[in-house]
Amino acid sequence: MNTAPHQTDPLPLFVLTGFLGSGKTTLLNRLLADPAMHDSAVIVNEFGEIGIDHLLVSAVTDDVVLLASGCVCCTAGEDFGTALASLLNRRRGGSLPPFARIVLETTGIADPALLLQRVLSDEALAAQIRIGAVVTVVDAVFGAASLSRCAECATQVAMANDLVLSKTDLADGTGVDSLVSSIRSINPTAPILRGERDGPSAERLFGDVRSAPALPDMTFDSIHPHAGRYSTFWLAWDEPTEWEDFKAWLEGLLIARGDSILRLKGILQVAGNPQPLLIQGVQHALYRPTSLPDWPRGVPRSQIVFITRDFSRLAALRSIEQILPFRITAG
């Protein structure tokens with residue numbers, strides 16, 4: 001993985017989520033033993049929920065332990081924001097190692113959008129953290145039932161940058177194929193990885209920040225019970241954008257429809273600025289924009305990718321057309 005950033009650089013936050021019993025704890029245990037995780041901090045809800053005894057080295061403080069891989073691990077309890085702020089303060093003060101990333105393991109019924117909103121809506125945290133990726137683990141045996149019955153599971157799938165299928169050795173091929181179809185009806189673009197013992201590495205899941213969204217060829221269908229509520233779509237345009245007008249529109253959209261916008265990410269060509277601007281938002285919170293050094297390959301124009309619940313592509317298009325005077329394409 002990359003070397004530790006300067007103490008003042010924003011740290012990437014990777015969210016590891018998955019419904020109850022999906023196997024995210026098993027995956028996390030395997031990844032924590034990877035030497036590539038040595039410069040990481042891990043936040044879990046309760047130490048008792050993951051079997052890390054064999055990885056413990058010593059207690060740094062009452063609520064932080066050092067793992068054999070060199071990373072630090074703490075418990076968040078019910079207040080993720082407090083635990084995150086505490087880790088960052090102690091890193092800055094030198095009482096913890098200068099870790100280069102933070103991995104959060106959520107509870108099985110967590111809504112990743114709410115957790116990310118907690119970061120983005122806190123000005124102090126937002127200045128120190130950038131969203132790395134959401135990694136969602138899906139149980140190949142019981143995942144289909146969880147998706148059909150539990151909205152939290154569907155939200156976790158909809159939010160994912162990467163999806164990891166667990167327990168595929170216990171499921172028949174037809175069942176796995178059906179589950180993949182259900183997943184694709186909710187999240188048509190995220191890579192689906194197999195989570196066997198030699199599955200995705202720590203470098204693959206928690207290495208590079210997924211910072212520059214490509215313009216995907218997105219489709220969406222209604223074969224899944226939740227598909228009518230969850231949508232993934234994009235908006236794109238070629239002309240440079242006046243930043244203040246765009247910011248005012250986007251902030252207003254998130255205030256008005258933030259409950260329906262699980263996540264948005266995009267890259268913007270700002271008038272008068274040769275560098276592209278990376279924008280991200282979660283529900284009612286807009287992340288602090290970041291300038292990228294160059295335009296990503298294959299992304300020649302401004303674009304926004306939305307992951308929404310009960311908010312359509314047409315509604316987004318009609319909204320943005322009120323402030324942008326040129327042609328906008330949608331897909």
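Which word describes how α2 and α3 stand to each other? The close-ups below start with that pair of helices and then wander through the rest of the protein.

**Figure 1. A wide shot comes before the close-ups.** What you see is a predicted model, in which local features need pLDDT of at least 70 and side-chain atom pairs count only at pLDDT 80 or more, while totals for chains, interfaces and linings use all residues. Residues are numbered from 1 along each chain as its sequence is written, and side-chain values use heavy atoms, with hydrogens and water left out. The protein holds 10 helices and 16 strands (DSSP runs numbered from the N terminus: H or I of at least four residues for a helix, E of at least two for a strand). Out of its 331 residues, 53% are buried (under 20% relative accessible area with a 1.4 Å probe, protein chains only; exposed is over 50%, partly exposed in between). Now look at who touches whom: among contacts with a separation of 6 or more, 76% link residues that are 24 or more positions apart (a contact means heavy atoms within 4.5 Å).

**Figure 2. Helices α2 and α3 meet at a slant.** Back to our opening question: α2 and α3 are oblique to each other. Here α2 covers residues 80-93 and α3 covers residues 112-120, and they pack at an angle of about 50 degrees with their axes 10 Å apart. (Axes are lines fitted to C-alpha atoms over the stretch in contact, and angles run from 0 to 180 degrees between N-to-C directions; under 35 is roughly parallel, over 145 roughly antiparallel, 65 to 115 roughly perpendicular, the rest oblique.) To find the meeting place, pick out Phe-80, Gly-81, Thr-82 and Leu-84 on α2, then Leu-115, Arg-118 and Val-119 on α3. Sort these contact residues by class and you get four nonpolar, two polar and one charged (Ala, Val, Leu, Ile, Met, Phe, Trp, Tyr, Cys and Pro are nonpolar, Asp, Glu, Lys and Arg charged, the others, Gly among them, polar).

**Figure 3. Helix α3 also meets α6.** This time the partner is α6, residues 151-159, and the two axes come within 9 Å, crossing at roughly 60 degrees. That angle makes α3 oblique to α6. On the α3 side, look for Pro-112, Ala-113 and Leu-116; on the α6 side, Thr-155, Gln-156 and Met-159. The class count for this contact is four nonpolar, two polar and no charged residues.

**Figure 4. Helices α9 and α10 cross further along the chain.** Helix α9 takes up residues 243-257 and α10 residues 313-320; their axes come within 11 Å and cross at roughly 140 degrees. So α9 and α10 are oblique to each other, too. Phe-246, Trp-249 and Leu-253 reach the contact from α9, and Ala-316, Ser-319 and Ile-320 do so from α10. Five of the residues in this contact are nonpolar, one is polar and none is charged.

**Figure 5. Strand β7 has a partner in β1 and another in β8.** Zoom in on β7, residues 129-139, where 10 of the 11 residues are buried. Strand β1 (residues 11-18) pairs with β7 in the parallel sense over eight bridges (strands pair if DSSP finds at least two bridges between them). You can spot one of these bridges by finding Leu-16, whose partner in β7 is Val-135. Strand β8 (residues 162-166) pairs with β7 as well, again parallel, over five bridges. Here Val-137 stands opposite Val-164 of β8.

**Figure 6. Ala-140 sits tucked into a loop.** Just past β7 comes the loop that leads to α5 (143-149), and Ala-140 is in it. Is Ala-140 buried or exposed? With 7% relative accessibility, Ala-140 counts as buried. Look past its neighbours within four places in sequence, and you'll find Ala-140 in contact with Ser-166, Lys-167, Thr-168, Ala-171, Val-176 and Leu-179. The C-alpha atoms of Ala-140 and Ala-171 are 6.1 Å apart, although 31 residues separate the two in sequence.

**Figure 7. Two more loop residues deserve a look.** Lys-167 belongs to the loop between β8 and α7 (173-186). Most residues other than glycine have a negative phi. Lys-167 has a positive one, near 60 degrees. Its relative accessible area of 29% makes Lys-167 partly exposed. Thr-189 sits in the loop from α7 to β9 (192-194). At 35% relative accessibility, Thr-189 is partly exposed. Find Asn-161 as well: it is 28 residues from Thr-189 along the chain, and their C-alpha atoms are 8.2 Å apart.
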